[in-house]
Amino acid sequence: MSSAPADPAAERAELFRVHVEPELEVLLRVARTLTGSWAEAEDLTQETLIRAWRALDRFDGAHPRAWLLTILRHTNVNMHRRRRPDPVEDTAILPGARPAFGAVTEPSPEEQIVLQILPDDLERAVDSLDPKFQTVLVLVDVNGLTYAEVAGLLDVPLGTVMSRLSRARQRVRAHLRAHARPEGSLR
């Protein structure tokens, strides 16, 4: 008795469902942190998913998040190599500029929630950080990645992640202390 040959496409789809789909939200959040834009994050995530799909037959099944974050990091580097110069993010600085094709300039729903939850003082404190500290802080404290995952994603030693996170937190606390409003005062 011989068993029917397994369907390779079905096997690949099942591997994708089991190992990749549970990490989609993390991939998108990390891509947003790396790119600074939801549109670019979606493009980066989509390209990462395509590459993961193609590489599924070479994946051993261990540590899918680390595997996917490595693909994301390499994809981001490759996309930046062939990227054209960045367009101006804030068209308000250009005289008479209008968004192309009636594009909406309102914050995304996620950004609206963050703006409601994240006090302005904290947002300013995080925005004041050097990008290398800000990236680590957001990846760990907002996106919930482990130190090892961030180290792999940014291609830096684990100790560097820990050091940058510690310094970022110290600088945020110092910024908040320096710019604290008197108790009970309104803006």
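Here is a short note on the aromatic rings of this predicted model and the charges that sit over some of them.

1. Let us begin with the count. The model holds 2 aromatic pairs. One of them joins F16 and W53, whose rings meet edge-to-face. Their centres are 5.4 Å apart, and the angle between the planes is 70 degrees. Planes over 60 degrees apart count as edge-to-face, so this label fits.

2. Now look at where these two residues sit. F16 belongs to helix α1 (residues 8–20), while W53 belongs to helix α3 (residues 38–55). The pair therefore ties together parts that are 37 residues apart in sequence. Try finding both helices in the structure above.

3. How buried or exposed are the partners? F16 has 14% relative accessibility and counts as buried. W53, with a relative accessible area of 35%, is partly exposed.

4. The other pair is F59 with W67, and these rings are stacked. Here the centres lie 4.1 Å apart, with 20 degrees between the planes. Planes under 30 degrees apart count as stacked, which is why the pair gets that name. F59 is buried at 12% relative accessibility, and W67 is buried too, with a relative accessible area of 18%.

5. Lastly, the charges. Which residue lies over the face of W53? R12 does, at 5.6 Å from the ring centre. W53 thus deserves a second look in the viewer, as its ring also pairs with F16. Elsewhere, R171 lies over the face of F133, at 4.3 Å from the ring centre.

Technical notes. Residues numbered from 1 in each chain as written. Predicted model: local features only at pLDDT ≥ 70, side-chain atom pairs only at ≥ 80, totals over all residues. Heavy atoms only, no water. Phe/Tyr/Trp six-rings, centres within 6.5 Å; stacked < 30°, edge-to-face > 60°. Helix = DSSP H or I, 4+ residues; strand = E, 2+ residues; numbered from the N terminus. Buried < 20%, exposed > 50% of the residue type's maximum accessible area, 1.4 Å probe, protein only. Lys NZ or Arg CZ within 6 Å of the ring centre and 35° of its normal.
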